[in-house]
Each structure stands twice: as structure tokens, then as C-alpha cells.
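Good morning, and thank you for joining. I ask that you keep the sequence and the model in view while I speak.

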Amino acid sequence: MNTDNRYLWKHKDLLDVSQLSREDATHLLDLAVSFQEINNRPVKKVPTLKGKTVMLFFAENSTRTKTSFDVAAKRLSADTFSLSKSGSSINKGETLKDTALTLMAMNPDVIVIRHSSSGAAEYLSKLLPCSIVNGGDGWHAHPTQALLDSYSLRKVWGPDFTGRTLLILGNIEHSRVARSNLFLLRLLGAKVRLCAPRTLLPRQYRLWDCEVYTDIEEAVKGVDAIMCLRLQLERQEAGLLPDLSEYSRRYCLTSERLAMANPGAYVLHPGPMNRGWEIADEVADSGQCLVLDQVSAGVAVRMAVLYLLGTRND
Ligand code: CP
């Protein structure tokens, strides 16, 4: 394991990838490769964060992010504690501020927060002296998802994404995954295209300086990877998608559409997948689909994040 302590990591928190320089992102992703080696050992544990406490404060549902932060922290020998909305005093009306101060009173080193409000992680970062990791806030950002996506792409493309084109397909308006990926992929040299119905494109997309399509069959031509997004019906107002079957007919990534991309183009999806709506079964289960590699990468990337933040003052 190569944990290069000479690199000056200057961030107290990880709120979004937009706070990272290319050198920060590259260092973190290189470090994650070292941690992946631990995940492949028969005994998957090192004492790096022994005595540190990581709290997982998930006020929104999660399978991948919560589990992989928990696994990552335990593999680094940190103690972990979880708080979910259900079963906690948030459901009795306790505010975000009081919940955060209550957790801080137990002296954690890192709090990972997922919350439905954009800006919740930044709010905690200003309120609390411990490190805060954004595990997804509203439509705003999901930095560790973008990092694990780039980690997965580096494994198949190599470290420099120059000359590569990736299409982000689907519900871009409501997607924190799209926003964080757009920044990081471009930071690492890739070109990014967007494809969605007009009602699911953010109003500010013209400021994002990327090619935008509404026709999937035009959008997939010449791309090296396609990132499908979840429809996120829970976040959108009624009327943006009047007919799900029409959406699926026009925007579902099928094997026929995937065949129009560059040969061997990879498919990513942050999960959970709505099979048959945004991604067809045969694509989700194909050898071109990196979904489970992304999950595996999530543990290594989150080990790197917790290592960098958890050893900041050592
Ligand atoms: N990709 C992602 O954030 O998945 P979870 O909602 O399951 O954490």
C-alpha cells in the first residue's frame, strides 16, 4: 500500500469535486488504487484509522454509499456509528443543527452526511470542527460517486481521459451525480455530452459548455462511455414526464442504441437501476456494463477519502 504522506492535502471536508484541483483528484484516485489492494487481501484490514470515529448520518435512503463508507471505515480500523432518519429523533422534529451538534458532542473525526437539501453538507462543515463528507445532498453534489466513476473509467481507459467522450443520459435536472461527474470528468480531460428530454435538462445547461442532445441516437454516436442516470421520480414535479413508457421508448439505453456508440463503449450507472426504464436488462447484464466495478471502486475511493480526512491532523 502506497499512502504518500508527502502530498499536501489541504481540505478539511469533501463537499464536492469542484473544490479539488486536478492534482488533488489524481492523488486521491492513485491512493484509492493502493487501498483496492487491501480489499483483495484475505485479511481486509489495516490499522490506519485505529482510534478514529466515523459517523454515518444518512437522512435519505442509501444502499451503496452508506454500506461502502461503513466497509471502508472498518477496513481502516475506524469505529463507525450510523444514524438514519427513520428510528432517530429527526422524525420527532429535531433540526439539522441540533442533530449535528448532538453528533459532534460525541467527538467524531469524520461525519458522512446524506441529505435531501442541497447545501446540507456545507452547512455542517461551517458548524462543526470535524471533517464532513458529502454523501449526496439534494440535486447538488455527490463527490464520492463522481470519484468512484472516474476510478472505474481509469481502470479501463488509463489515467488521462484526453480524447475520450462520455455521454450522461437521462434525468440530468435532478441529478447530483451528473453535476459532480460533469466537473470531474472534464477536470481529468474527457469531453462530456448530455442527453435528456428538454424537461429534464437544467435551465443553466447552456452555461455548462458541453454538447447537449435530445435525440439519444444522435447522442450516442462517437462516444466511448455512457452514464445512465436513475429517473428519480421522487424528486421531480408532476408533469415533467407525463408518460413513463414514452420516456422509456425514447431514452432507454438498449443494446441497439449501445451498438451505435464507439465499439466496446462502457456503460455506467450510479444505481439503483430502474431496469427497463433507463437501461435495458441486456445492457445492464452485459460485459460492457461497469455497475458492479463501480460498487467495488466505491469502497477503495471512500477508504482514500477517509484516510485523507481522518489523518489530516496527525
Ligand atoms: N449511487 C448511490 O448513491 O447509491 P445509493 O443511493 O444506494 O447510495
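Which residues lie nearest the centre of the largest pocket? They are Arg-114, Arg-176, Arg-230, Gly-271 and Pro-272, out of the 20 residues that line this pocket. Before I continue, please note that the model is predicted.

The largest pocket holds about 370 Å³ of space. Two elements, α2 and α6, the latter spanning residues 176-187, give two or more residues each to its lining. By class, the pocket lining consists of four nonpolar, nine polar and seven charged residues.

I turn next to the enclosed space. The structure has one cavity of 30 Å³ or more. The volume of the largest cavity is about 80 Å³. Its lining is formed by Arg-64, Ser-68, Gln-145, Leu-148, His-269, Pro-270, Gly-271, Val-291, Gln-294, Val-295, Gly-298 and Arg-302. Gly-271 therefore deserves a second look on your screens: it is named in the lining of the cavity, and it is also listed among the residues nearest the centre of the largest pocket.

Which helix gives the most to the cavity lining? That is α11, with five residues. At least two residues each come from α2, which covers 64-75, from α5, which covers 143-157, and from α11, which covers 291-310. In the cavity lining, four residues are nonpolar, six are polar and two are charged.

Helix α11 also meets α1, which comprises residues 22-39. The two axes come within 8 Å and cross at roughly 115°, and the crossing is right-handed. On the α1 side, the contact includes His-27, Leu-28, Leu-31, Phe-35 and Ile-38. On the α11 side, the participants include Val-299, Val-301, Met-303, Tyr-307 and Leu-308. What classes of residue make up this contact of α1 with α11? There are 14 nonpolar residues, four polar ones and no charged ones.

Let us move to the sheets, beginning with the one of four strands. This sheet is open, its pairing is parallel, and its strand order is β2-β1-β3-β4. At the edges stand β2, residues 79-84, and β4, residues 131-137, each of which pairs on one side only. From one strand to the next, the twist averages 15°. Strand β1, residues 53-58, is joined to β2 over six bridges in the parallel sense. Within that region, Met-55 is found opposite Phe-81 of β2. Helix α3, residues 96-104, lies across β1, β2 and β3, and runs at about 160° to β1.

The other sheet is also open and has five strands in the order β7-β6-β5-β8-β9, with parallel pairing. Why is one side of β7 and of β9 left without a neighbour in the sheet? The reason is that β7, residues 211-213, and β9, residues 266-268, stand at the edges, so each has a single partner strand. The twist in this sheet averages 20° from one strand to the next. Strand β5, residues 165-169, pairs with strand β8, residues 225-228, over four parallel bridges. Leu-169 stands opposite Cys-228, a residue of β8.

Finally, I return to α5. This helix lies across β5, β8 and β9, and runs at about 170° to β9. As mentioned, α5 also supplies at least two residues to the lining of the largest cavity.

Definitions and conventions:
Residues are numbered from 1 along each chain as its sequence is written. This is a predicted model: local features need pLDDT of at least 70, side-chain atom pairs count only at pLDDT 80 or more; totals for chains, interfaces and linings use all residues. Side-chain values use heavy atoms; hydrogens and water are left out. On a 1 Å grid over the protein atoms alone, a cavity is a set of points where a 1.4 Å probe fits but cannot get out, and a pocket is an open set with protein on both sides within 12 Å along at least five of seven lines; lining residues have an atom within 4 Å of a point. Grid points are joined across faces, edges and corners, and a volume is the space filled by probe spheres set on the points. Ala, Val, Leu, Ile, Met, Phe, Trp, Tyr, Cys and Pro count as nonpolar, Asp, Glu, Lys and Arg as charged, and the others, Gly among them, as polar. Axes are lines fitted to C-alpha atoms, for helices over the stretch in contact, and angles run from 0 to 180 degrees between N-to-C directions. A crossing is left-handed if the near helix is turned anticlockwise from the far one by less than a right angle, and right-handed if clockwise. Contact means heavy atoms within 4.5 Å. Two strands pair if DSSP finds at least two bridges between them.
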